[in-house]
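Biologist: Please choose a single part of this model and go through it closely, giving the cut-offs behind each term as it comes up. I would also like to know how that part sits within the rest of the chain.

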Amino acid sequence: MKRLAVLLLVLGMSQAYAGNGKPPVSNTAKWKDECGSCHIAYPPKFLSEDNWKRLMGSLDRHFGANAVLDARENKQILGFLERNAGSGDLYSSASMRISETPWFTREHRVISPKEWAQPDVNSPSNCSACHGKTVLGD
């Protein structure tokens, strides 16, 4: 009986540690299609809800491009992003760039500028160069 209690405790702790309290992100086809048509569809947890609102509200100036969607698509994608956004200051960026969030900076602190400049990487926004598609939820 004691072993069973310990086993259940260990399993419960590992489940609590594995997630952030939010349900897993579903792969919304509209988000993947629209965002992924120009770049990888960054997982919503990489930015805060406020950042996603600001970003989706300024798609006419989306990092130098016009990425405007019709109002219905924008609302659908924004809802998905908000429901699955990262929470707290770790996932917030004044520039709305994922690579400038405290979370990203902390996680990638060991990467040298020389590594970012390699032709097959070229930029901190090229996640799949190092992580492949599986890290991003594909």
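Modeller: A polar contact is a pair of N or O atoms within 3.5 Å, and within protein one atom must be able to donate a hydrogen and the other to accept it, while residues adjacent in sequence count only if both atoms are side-chain atoms. This is a predicted model, in which local features need pLDDT of at least 70 and side-chain atom pairs count only at pLDDT 80 or more, whereas totals for chains, interfaces and linings use all residues. Residues are numbered from 1 along each chain as its sequence is written, and side-chain values use heavy atoms, with hydrogens and water left out.

The part I have chosen is helix 4 (71-83), where helices (H or I, at least four residues) and strands (E, at least two) are DSSP runs numbered from the N terminus. Its N-terminal end is capped by Asp70, which places a side-chain oxygen 3.1 Å from the backbone nitrogen of Arg72. The end C-alpha atoms of helix 4 are 18 Å apart, in agreement with the 18 Å that its 13 residues should span at 1.5 Å a residue, the expected span being 1.5 Å times one less than the number of residues.

In helix 4, Glu73, Asn74, Ile77, Leu78, Gly79, Phe80 and Leu81 are buried, a term for under 20% relative accessible area, with exposed meaning over 50% and partly exposed in between (1.4 Å probe, protein chains only). Among the elements that cover these buried residues are helix 2 (29-36) and helix 3 (49-56).

Beyond helix 4, the loop between it and helix 5 (102-107) holds Gly88, which counts as partly exposed because its relative accessibility is 45%. Although Gly88 and Ser48 are 40 residues apart in sequence, their C-alpha atoms lie 7.0 Å apart in space.

As for the setting, the protein chain has 7 helices and 0 strands, and buried residues make up 28% of its 138 residues. Of the contacts (heavy atoms within 4.5 Å) between residues at least 6 apart in sequence, 59% join residues at least 24 apart.

A search of the whole structure finds 0 disulfides, that is, pairs of cysteine sulfur atoms within 2.5 Å. Cys38 is in no disulfide, the nearest cysteine sulfur being that of Cys35 at 9.0 Å, and Cys38 is exposed, with a relative accessible area of 71%. The sulfur of Cys127 is too far for a bond, because the closest cysteine sulfur, in Cys130, is 8.7 Å away; Cys127 counts as buried, at 9% relative accessibility.
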